[in-house]
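Welcome! Please take a moment to look over the sequence and the 3D structure below, and then read on for a short tour.

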Amino acid sequence: MKATIYSGLQRQKLFRENLHLKEQIGLYQISTAMATTRDVNQILDLILTTALKEFEAESASILLLDEKTGTLNLKASRGIPDYTITKSLWNLEDKLSKWVIKEAVPKIFTQKDLKPSPKEINSFISHPLMAKGKVLGVLNLIRSKKLTPFSSGELQSLGILASKASSVLENAQLYEELENTYLSVL
């Protein structure tokens with residue numbers, strides 16, 4: 001019995017290590033892309049592609065907060081159908097994202113939290129994109145086909161990707177401000 005329990009614990013340990021290594025590969029790719037390109041859209045696309053693959057989600061999006069109007073604007077997305085076709089999905093994502101921005105905490109929403117919701121959404125995870133204590137927007141993942149909801153461990157791992165996305169967006173904003181200042185001086 002001890003040998004069986006020990007074997008099971010070893011398998012769990014190897015499984016966790018394997019997941020951790022997969023996350024590290026994705027983060028390495030994102031870090032490499034950040035060092036070699038200034039194209040924000042390319043880096044955000046890589047972040048979303050990595051998120052879809054690592055978290056077994058069907059769709060992902062990055063929404064940015066417009067401070068003046070308080071509205072959310074879609075900056076990048078993967079796997080999301082045309083919003084004019086799925087208006088209810090956009091309304092739901094907008095509502096949940098605004099809650100996450102207001103509270104400035106990541107959250108997992110399951111099917112029971114999403115009432116009324118489109119039937120195809122089994123789990124929704126939203127992580128705020130923060131820079132210097134200020135919320136820039138949110139990183140959202142939707143799981144439709146996989147029946148298991150997102151876990152708290154996945155929420156923590158998504159925090160790493162959200163941090164990278166925040167860095168990219170903050171650097172892009174700083175670069176744009178610097179460029180505008182330079183042009184105004186000229």
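## A tour of the fold

Six bridges join strand β1 (residues 59-65) to strand β5 (residues 134-143), and the two run antiparallel. Two strands count as paired if DSSP finds at least two bridges between them. This is a predicted model, in which local features need pLDDT of at least 70 and side-chain atom pairs count only at pLDDT 80 or more, while totals for chains, interfaces and linings use all residues. Residues are numbered from 1 along each chain as its sequence is written, and side-chain values use heavy atoms, with hydrogens and water left out.

The chain holds 4 helices and 5 strands. Helices (H or I, at least four residues) and strands (E, at least two) are DSSP runs, numbered from the N terminus. Along the sequence they follow the pattern α-α-β-β-α-β-β-β-α.

**The sheet.** The 5 strands form an open sheet in the order β2-β1-β5-β4-β3, with antiparallel pairing. At its edges are β2 (72-78) and β3 (107-110), each of which pairs on one side only. On average, neighbouring strands of this sheet are turned by 20° against each other, direction ignored.

Strand β1 also pairs with β2, in the antiparallel sense and over 6 bridges. These two strands form a hairpin with 6 residues between them, and Gly-70 in the turn has a positive phi of about 75°. Here are some of the partners that stand opposite residues of β1:

| Residue | Partner | Strand of partner |
|---|---|---|
| Leu-63 | Val-138 | β5 |
| Ile-62 | Leu-139 | β5 |
| Ile-62 | Ala-76 | β2 |

Strand β1 is mostly covered, as 6 of its 7 residues are buried. Buried means under 20% relative accessible area, exposed means over 50%, and partly exposed lies in between (1.4 Å probe, protein chains only). In the chain, buried residues make up 39% of the 186 residues.

**The helices on the sheet.** Helix α2 (residues 40-55) lies across β1, β2 and β5, at about 65° to β2. Helix α4 (residues 152-185) lies across β1, β2, β3, β4 (123-131) and β5, at about 40° to β4. Axes are lines fitted to C-alpha atoms, for helices over the stretch in contact, and angles run from 0 to 180 degrees between N-to-C directions.

How do the two helices meet? They pack at an angle of about 175°, with their axes 10 Å apart. The helices α2 and α4 are therefore roughly antiparallel to each other, a label for angles over 145 degrees (under 35 is roughly parallel, 65 to 115 roughly perpendicular and the rest oblique). Residues of this contact include Ile-43, Leu-44 and Ile-47 of α2 and Leu-158 and Leu-161 of α4. Contact means heavy atoms within 4.5 Å.

**Two residues to find.** Phe-55 sits in helix α2 and is buried, with a relative accessible area of 5%. Its C-alpha atom is separated by 7.0 Å from that of Glu-154, 99 residues apart along the chain. Leaving aside neighbours within four places in sequence, Phe-55 is in contact with residues including Leu-141, Phe-150 and Glu-154.

Asn-122 belongs to the loop between β3 and β4. At 15% relative accessibility, Asn-122 counts as buried. A polar atom of the Asn-122 side chain lies 2.3 Å from the backbone oxygen of Ser-144. Not counting residues up to four places away in sequence, Asn-122 touches several residues, among them Thr-110, Arg-143 and Ser-144.

Definitions and conventions
Polar contact = N/O pair within 3.5 Å; in protein donor to acceptor, adjacent residues only side chain to side chain.
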